[in-house]
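Let's take a walk through a protein structure together, one stop at a time. Keep the picture at hand and turn it as you read.

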Amino acid sequence: MPRVSQDHLDARRRQILDGSRSCFARHGYEGATVRRLEEATGLSRGAIFHHFKDKESLFLALAEDDAGRMADVVAEQGLVQVMRNLLDEPRDGTSTPGADWLGTRLEVSRRLRTDTDFRQRWAQRSEQLTAATKARLQWQRDAGNLRDDVDVDVLTAYLELVLEGLVSHLAMGLPADDLGPVLDLVEESVRRHRGL
């Protein structure tokens, strides 16, 4: 029997994550049945669960993948850019990476409130985004661009709360067209202001 290359396994895993992202975003965790996951990924349950132990492991891997992509954006451009990217996504019901990410993020938030086991498993994995945000803010402070009268941990918590508020706003279907200036204000609030 021929061996499957690591590239093939990685591509299959990516196919599963990408397909399941839209399924979880569209149907929620409970609504993402095995049948729907099969349809969304184009793969059989055997192929899906060859790569992931169970549906929760798949969902956690997906949430980790999204957090990793967000952390990459944070490292390069900051957490406010993650929020701007969410606003740039169309809200017409089409499936886009940002819209799917939003659906996954909402599902993570819901499960954190209602599922103790999930909360414990997620706590071990969620530090990546916070660490990236702190590192970016510290880099900005070292470069003289960040206000120095507020601790980096406090600024990190502030930006994370703004992100959660934005996610809730979008989840409620409230208008987002006018939020760019709000994010400008958030960004300006963490910058160092030099005397004229």
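In this predicted model, begin with residues 10–70, a span that is 87% helix and 0% strand. The C-alpha atoms at the two ends of residues 10–70 lie 20 Å apart. An unreviewed UniProt entry places the feature "domain: HTH tetR-type" on residues 10–70. The unreviewed entry also carries the annotation "DNA-binding region", which covers residues 33–52. Residues 33–52 are 75% helix and 0% strand, and their end C-alpha atoms are 15 Å apart.

Now find helix H1, which holds Ile16. Is Ile16 buried or exposed? Its relative accessible area is 0%, so Ile16 is buried. If we set aside the neighbours within four places in sequence, Ile16 is in contact with Thr41, Leu43, Ala47, Ile48, His51, Phe52 and Leu58. You can also look from Ile16 to Ala40: they are 24 residues apart in sequence, and their C-alpha atoms are 8.4 Å apart in space.

Arg14 is found in helix H1 too, but its surroundings tell another story. Arg14 has a relative accessibility of 34%, so it counts as partly exposed. Not counting residues up to four places away in sequence, Arg14 touches Arg21 and Asp65. With Asp65 there is a polar contact, side chain to side chain, at 2.9 Å. For a sense of scale, pick out Val182: it is 168 residues from Arg14 in sequence, and 35 Å from it in space, C-alpha to C-alpha.

Next, look for the aromatic rings. How many aromatic pairs does the structure hold? There are five. A pair of rings is described by how far apart the centres are and by the angle between the planes. Take Tyr29 and Phe59: their ring centres are 5.6 Å apart and their planes meet at 75°, so this pair is edge-to-face. Tyr29 belongs to helix H1 (residues 6–31) and Phe59 to helix H4, so far along the chain that the pair links distant parts, 30 residues apart. Both Tyr29 and Phe59 are buried.

Phe59 has another partner, Phe118, and this aromatic pair is tilted, with 5.9 Å from centre to centre and 45° between the planes. Because Phe59 lies in helix H4 and Phe118 in helix H7 (residues 116–123), the pair ties together parts that are 59 residues apart in sequence. Phe59 has 0% relative accessibility and therefore counts as buried. Phe118 has 0% relative accessibility, so it counts as buried as well. Step back a little and you can trace a cluster, in which ring pairs link Phe24, Tyr29, Phe59, Phe118 and Trp122.

Stay with Tyr29 for a moment, and look at what lies over its ring. The charged end of Arg111 sits there, 3.8 Å from the ring centre. Lys55 also lies over the face of Tyr29, at 4.4 Å from the ring centre.

Helix H4 offers one more stop, at Ser57. Ser57 has 13% relative accessibility, so it counts as buried. Apart from neighbours within four places in sequence, Ser57 is in contact with Phe52 and Arg121.

Let's move on to the nonpolar residues packed inside. The largest nonpolar core has 28 residues, and those with the most contacts inside it are Leu79, Leu86 and Leu163. Which elements give two or more residues to this core? They are helices H4 (55–77), H5 (79–88), H6 (97–114), H8 (127–142), H9 (152–171) and H10 (180–190). The greatest contribution comes from H9, which gives seven residues. There is also a second, separate core of 21 residues, which includes Leu43, Leu62, Val108 and Trp122.

Our last stop is helix H5. Why can we call H5 largely enclosed by the rest of the structure? Seven of its 10 residues are buried, so that description fits. The buried residues in H5 are Leu79, Val80, Val82, Met83, Arg84, Leu86 and Leu87. Two of these names may look familiar: Leu79 and Leu86 were listed among the residues with the most contacts inside the largest nonpolar core.

Methods
Residues numbered from 1 in each chain as written. Predicted model: local features only at pLDDT ≥ 70, side-chain atom pairs only at ≥ 80, totals over all residues. Heavy atoms only, no water. UniProt positions renumbered as here; feature names shortened; annotations may be inferred. Helix = DSSP H or I, 4+ residues; strand = E, 2+ residues; numbered from the N terminus. Core = buried A, V, L, I, M, F, W, Y, C linked by side-chain atoms within 4.5 Å. Buried < 20%, exposed > 50% of the residue type's maximum accessible area, 1.4 Å probe, protein only. Phe/Tyr/Trp six-rings, centres within 6.5 Å; stacked < 30°, edge-to-face > 60°. Lys NZ or Arg CZ within 6 Å of the ring centre and 35° of its normal. Contact = heavy atoms within 4.5 Å. Polar contact = N/O pair within 3.5 Å; in protein donor to acceptor, adjacent residues only side chain to side chain.
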